[in-house]
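I opened a notebook for a structure that is new to me. The entries below follow the order in which I looked things up.

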Amino acid sequence: MSLRTAYSFLTLAILTEVLAVHIMKASDGAIFGYACMLLLLVVSYYFMALSLKRLSISVAYAIWEVLGAVCVVGLSIFYFNEELLWTQKLGIALSFCGIGLINYAELRNNKTHKDS
């Protein structure tokens, strides 16, 4: 599997998870909403599992969680009119720094193993 395909699967995992969370909130307790949420979460985990055939779990999980959370926050601001405190904005910025550091370490580790 190519790296592009793995990241495509990871993107689909993130998008289905974000959709599941928003359906849960928008369903307002309706059983159909929870059923849709559950189905989308299963699909999300399926795409995550496919992406793990090529990506390391540390990188994939970090990207999945942070980008998923940022997408949920963004849609919540737009769709549910929620607001962020400055500390929450700082947390999002630091999360992106964390993803960058994890990816940097992964690339450096892969380069070290290829050189030996």
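**Entry 1: T16**

I began with T16, which sits in helix α1. The model is a predicted one, and I read every value below as computed from it. Is T16 buried or exposed? T16 has a relative accessible area of 13%, so it counts as buried. I then looked up its neighbours, leaving out residues up to four places away in sequence, and found that T16 touches L40, V43 and S44. Closer along the chain, a polar atom of the T16 side chain lies 2.9 Å from the backbone oxygen of L12.

**Entry 2: helix α1**

Next I took the helix that holds T16. I noted the range of α1 as 3–27. Does its length agree or disagree with its number of residues? With 25 residues at 1.5 Å a residue, α1 should span 36 Å, and its end C-alpha atoms are 36 Å apart, so the two agree. I listed the buried residues of α1; among them are A6, L10, I14, V18, H22 and S27. Which helices do the buried residues of α1 pack against? I found that they pack against α2 (31–51) and α3 (57–80). At the end of α1 comes D28, and I noted that its phi is positive, near 55°.

**Entry 3: S2, before α1**

I went back to the start of the chain. S2 belongs to the segment before α1. Its relative accessibility is 37%, so I put S2 down as partly exposed. The S2 side chain makes a polar contact with the side chain of T5, at 2.9 Å. I also checked S2 against G98, which is 96 residues away along the chain; their C-alpha atoms are separated by 25 Å.

**Entry 4: helix α3**

I repeated the length check on α3. Its 24 residues, at 1.5 Å each, should span 34 Å; the end C-alpha atoms are 32 Å apart, and I accept that as agreement because the check counts it so. The buried residues of α3 include V59, I63, W64, V66, V72 and S76. The residue following α3 is N81, whose phi is positive, near 55°.

**Entry 5: S76**

I picked S76 from helix α3 for a closer look. S76 has a relative accessible area of 8%, so it is buried. Which side chain does the side chain of S76 meet in a polar contact? I found the side chain of H22 there, at 3.4 Å. H22 is itself one of the buried residues of α1. Leaving out residues up to four places away in sequence, S76 touches H22, N81 and E82.

**Entry 6: the salt bridge**

E82 came up again when I looked for salt bridges. How many salt bridges are there? The count comes to one. It joins the side chains of K25 and E82, at 3.7 Å from N to O. The pair links distant parts of the chain, with K25 in helix α1 and E82 in the loop between α3 and α4 (86–115), 57 residues apart. Are the two partners at the surface or covered? K25 has 46% relative accessibility, so it counts as partly exposed. E82, with a relative accessible area of 36%, is partly exposed too.

**Entry 7: a nonpolar patch**

My next search was for nonpolar residues at the surface. Which residues make the nonpolar surface patch? I wrote down M24, I31, F32 and Y34, with a patch area of about 470 Å². Helix α2 gives the largest share of the patch, three residues. Y34 has its place in helix α2, and at 36% relative accessibility Y34 counts as partly exposed.

**Entry 8: M24**

M24 is a patch member that lies in helix α1. Its relative accessibility is 36%, so M24 is partly exposed. What does M24 touch, not counting residues up to four places away in sequence? I found Y34 and M37; Y34 is also a member of the patch. Last, I checked M24 against E83: the two are 59 residues apart in sequence, and their C-alpha atoms are 19 Å apart in space.

Methods:
Residues numbered from 1 in each chain as written. Predicted model: local features only at pLDDT ≥ 70, side-chain atom pairs only at ≥ 80, totals over all residues. Heavy atoms only, no water. Helix = DSSP H or I, 4+ residues; strand = E, 2+ residues; numbered from the N terminus. Buried < 20%, exposed > 50% of the residue type's maximum accessible area, 1.4 Å probe, protein only. Polar contact = N/O pair within 3.5 Å; in protein donor to acceptor, adjacent residues only side chain to side chain. Expected span 1.5 Å × (residues − 1). Contact = heavy atoms within 4.5 Å. Salt bridge = Lys/Arg side-chain N within 4 Å of Asp/Glu carboxyl O. Patch = residues over 30% accessible without salt bridge, like charges linked within 9 Å, V, L, I, M, F, W, Y side chains within 5 Å. Areas by Shrake-Rupley, 256 points an atom, 1.4 Å probe, with all protein chains shown as cover.
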